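Here's a quick tour of a predicted model. Have a look at the chain first, and then we'll walk through its cysteines, its sheet and one lysine.

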Amino acid sequence: MMTIAWDDFTKVELRVGQIIKAEPFPEARKPAYQLLVDFGPEIGQKKSSAQVTQLYTPEALVGKQVVAVVNFPPKQIGPIMSECLITGFNNENGDVALCVPDQPVPVGTKLL
């Protein structure tokens, strides 16, 4: 495992956002949803794509808090411009489980 300096870690803006819209993303290469995530007044709303279709429905995602990287440059994913990276972990089947706070926190809160 490669180690990094503390300064490298502090450059990554990991923030809590709340999913306000989730819909199928049929144009994606792998099954995914298009998400709109609210990060509060400082950052605003950002679009993303998430390959979480095996464990979540769009209805179950709306209102869910997630942890995302908000300071990557935008990336074109099919017809949408992804503006943040939603974090998650693969389970034993390779399905993505979202990285979420285990208690509600204010949207926009930065990982300490």
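## Cysteines

You'll find zero disulfides in this structure. Take Cys-84: the closest cysteine sulfur belongs to Cys-99 and sits 13 Å away, too far for a bond. A disulfide here would need the two sulfur atoms within 2.5 Å.

How do the two compare with the outside? Cys-84 is buried, at 6% relative accessible area, while Cys-99 is partly exposed, at 23%.

## The sheet

Five strands make up an open sheet, running in the order E3-E2-E1-E4-E7 with antiparallel pairing. The edges go to E3 (45-50) and E7 (85-86); each has a single partner strand, so one side of each is left without a neighbour in the sheet.

Further in, E1 (residues 14-24) pairs with E2 (residues 33-38) in the antiparallel sense, using six bridges. As one example, Gln-18 has Asp-38 of E2 as its bridge partner.

## A buried lysine

Back to strand E3, which is where Lys-46 is found. What is the nearest side chain of opposite charge to Lys-46? That would be Glu-83, 5.8 Å away; Lys-46 is buried yet has no salt bridge. The cut-off for a salt bridge is 4 Å.

Leaving aside neighbours within four places in sequence, Lys-46 is in contact with Leu-35, Leu-36, Val-37, Phe-39, Val-70, Glu-83 and Cys-84. That last one is the buried cysteine from above.

## What the record says

An unreviewed UniProt entry annotates residues 8-112 as "domain: TRNA-binding". Over that stretch the chain is 7% helix and 40% strand, and the end C-alpha atoms lie 14 Å apart.

Key
Residues are numbered from 1 along each chain as its sequence is written. This is a predicted model: local features need pLDDT of at least 70, side-chain atom pairs count only at pLDDT 80 or more; totals for chains, interfaces and linings use all residues. Side-chain values use heavy atoms; hydrogens and water are left out. Two strands pair if DSSP finds at least two bridges between them. Helices (H or I, at least four residues) and strands (E, at least two) are DSSP runs, numbered from the N terminus. UniProt positions are given in the numbering used here, feature names are shortened, and annotations may be inferred rather than shown by experiment. Buried means under 20% relative accessible area, exposed over 50%, partly exposed in between (1.4 Å probe, protein chains only). Lys and Arg count as positive and Asp and Glu as negative; His and the chain ends are not counted. Contact means heavy atoms within 4.5 Å.
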